[in-house]
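This report describes a structure through its backbone, its ligand surroundings, its helix packing and selected residue pairs. The sequence and the coordinates are shown next.

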Amino acid sequence: MASSPVSVSALHVPADWRDFLALTKPGVMRLVVFTGLCGMLAAPTQIHPVLAFTAILCIAMGAGGAAALNQWYEADLDAKMKRTRGRPLPGGRMERQSALHFGVGLSVASVVLMYFAVNLLSAAILTASILYYVVVYTIWLKRRTPQNIVIGGAAGAFPPLIGWAAATGQVSLLPVLLFALVFLWTPPHFWALALFVKSDYANAGVPMLPVVAGERATRTQIGLYTVPMIAAGLAPWALGLTGAIYGVASLLLNGVFGALALAVMLRKTGENDTMKPEKRLFAWSILYLFLIFGALVADRWVLA
Ligand code: HEM
Ligand SMILES: CC(C)=CCC/C(C)=C/CC/C(C)=C/COP(=O)(O)OP(=O)(O)O
């Protein structure tokens, strides 16, 4: 595996537990873990609480380990971006080797524990998502193509499938629709952010869509992905796989998402633009996913 060229500041402060925690990207991973938990709770079987806890712990460890490996590989990029230059590696608080050992250790432990404590299928999908994030997205696509997050984004869509597979030992239509929802949600989620941190990616030479194809094309793509995302969000209800709680929540949440995405799509950026609609869409994308997965679980448990 090729390692990336690194130019980080000289080590000055030794890493402590906070730096290892930061390597797991806890802000992003709480939603990843939440979608995994909801996938598990929406399944039509009741998993033993100890097994459920173990499976969620494994998803958190796997996602955290993959995030550490992502930062091990791209410490050079992180050092060039305002948003990421304070991370433990570019900040000079940790050796790359430590991040590598931590990332590999957590990832391997998560899969082994999932296999022995839960089941083969959930361990296999967890392995696929870790490899997908680290190898397909981080190492292969991120520096090469503006489609990096469309193809690579599948990594973040696996957790609901993992949760479902942990509870049932199999995969069916509903978790596949949840996979599709997160997969189609990722482009509007990320490109809304990329529009207002465009210069960071340009400085680091990362070919994100607004840098390579421009703002206009990015706004159009946000709109184009939002349409099938809304369809995937409504499908569990439209196909009769969920009840009225999910149906009503999904209509409302997708309606707001559609309106905010349309506002971003139709806009032209002016001088000294504060990018409020883009920031609003990005913030809403996160709340949206928490709420729609929460509604799925409420639907299953309240109407049960
Ligand atoms: C390739 C796909 C994705 C890319 C490139 C991406 C990129 C980003 C970036 C750059 C940020 C802002 C910086 C940060 O807090 O780290 C962010 C924030 C966030 N992302 Fe994503 N994201 C992707 C997929 C996902 C997925 C699948 C989830 C969850 C299911 C997710 C959940 C979040 C959350 C919760 C935040 C806010 C973090 C906080 O408040 O600290 N993202 N994303
Ligand atoms: C179970 C399992 C392995 C789940 C993986 C979850 C996953 C792939 C999440 C992707 C979200 C994420 C951290 C994107 C950041 O992109 P980036 O790395 O380009 O962001 P950066 O610029 O902040 O480093």
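In this predicted model, Met 275 counts as partly exposed, because 18 C-beta neighbours lie inside 10 Å, a count in between the 20 or more needed for buried and the 12 or fewer that mark an exposed residue. Met 275 is located in the loop between α13 (244–265) and α14 (276–302). Its phi is positive, at about 55°, although Met 275 is not a glycine.

Lys 25 also calls for attention in its backbone. Its phi is near 50°, a positive value in a residue other than glycine. The loop between α1 (17–23) and α2 (26–41) holds Lys 25. With 18 C-beta neighbours inside 10 Å, Lys 25 is classed as partly exposed.

**Ligand surroundings**

Which residues come nearest to ligand 1? Among the 18 residues around ligand 1, these are Gly 27, Val 28, Leu 31, Ile 149 and Gly 156. At least two residues of this shell are supplied by each of α2, α7 (148–152), α9 (173–196) and α14. In terms of domains, the shell around ligand 1 takes at least three residues from domain 1 (16–170) and at least three from domain 2 (172–304). Its composition by class is ten nonpolar, seven polar and one charged.

Ligand 2 is surrounded by 19 residues, and the closest of them are Ala 63, Ser 129, Tyr 133, Ala 155 and Gly 156. Here α2, α3 (49–73) and α6 each contribute at least two residues to the shell. Which helix gives the largest share of the shell around ligand 2? That helix is α3, with six residues. The classes represented around ligand 2 are twelve nonpolar, five polar and two charged residues.

Gly 156 is listed with the nearest residues of ligand 1 and with the closest residues of ligand 2. Helix α2 likewise supplies at least two residues to the shell around ligand 1 and at least two to the shell around ligand 2.

**Helix packing**

How are α3 and α6 arranged relative to each other? The axes of α3 and α6 come within 10 Å and cross at roughly 15°. Since angles under 35 degrees count as roughly parallel, α3 is therefore roughly parallel to α6. The crossing in which α3 passes α6 is right-handed.

Helix α6 (residues 120–141) also packs with helix α8 (residues 159–168), where the two axes come within 8 Å and cross at roughly 165°. That angle is over 145 degrees, so α6 and α8 are roughly antiparallel to each other. The crossing in which α6 passes α8 is left-handed.

**Residue pairs along the chain and in space**

Four residues in helices can be considered together with a partner elsewhere in the chain. Separations in the table run from C-alpha to C-alpha.

| Pair | Apart along the chain | Apart in space |
|---|---|---|
| Leu 224 and Thr 24 | 200 residues | 31 Å |
| Val 112 and Pro 188 | 76 residues | 34 Å |
| Ile 139 and Glu 74 | 65 residues | 8.4 Å |
| Asn 70 and Leu 23 | 47 residues | 8.9 Å |

Asn 70 belongs to helix α3, the helix that gives six residues to the shell around ligand 2. Is Asn 70 buried or exposed? Asn 70 is buried, because 22 other C-beta atoms lie within 10 Å and 20 or more suffice for that class. The C-alpha atom of Asn 70 is 8.9 Å from that of Leu 23, although their positions lie 47 residues apart in sequence.

Ile 139 is part of helix α6. With 19 other C-beta atoms within 10 Å, Ile 139 is partly exposed, because buried would require 20 or more. Its C-alpha atom and that of Glu 74 are separated by 8.4 Å.

Leu 224 lies in helix α12 (residues 215–238). A count of 14 other C-beta atoms within 10 Å makes Leu 224 partly exposed. Between the C-alpha atoms of Leu 224 and Thr 24 the separation is 31 Å.

Val 112 is situated in helix α5 (residues 96–117). It has 12 other C-beta atoms within 10 Å and is therefore exposed, as 12 or fewer place a residue in that class. The C-alpha atoms of Val 112 and Pro 188 are separated by 34 Å.

Conventions. Residues numbered from 1 in each chain as written. Chains lettered and ligands numbered in written order. Predicted model: local features only at pLDDT ≥ 70, side-chain atom pairs only at ≥ 80, totals over all residues. Helix = DSSP H or I, 4+ residues; strand = E, 2+ residues; numbered from the N terminus. Near = placed C-beta within 6 Å. Nonpolar A, V, L, I, M, F, W, Y, C, P; charged D, E, K, R; others polar. Domains from an automatic or database assignment. Axes fitted to C-alpha atoms, helices over the stretch in contact; angles between N-to-C directions. Parallel < 35°, antiparallel > 145°, perpendicular 65-115°, else oblique. Left-handed = near helix turned anticlockwise from the far one by under 90°.
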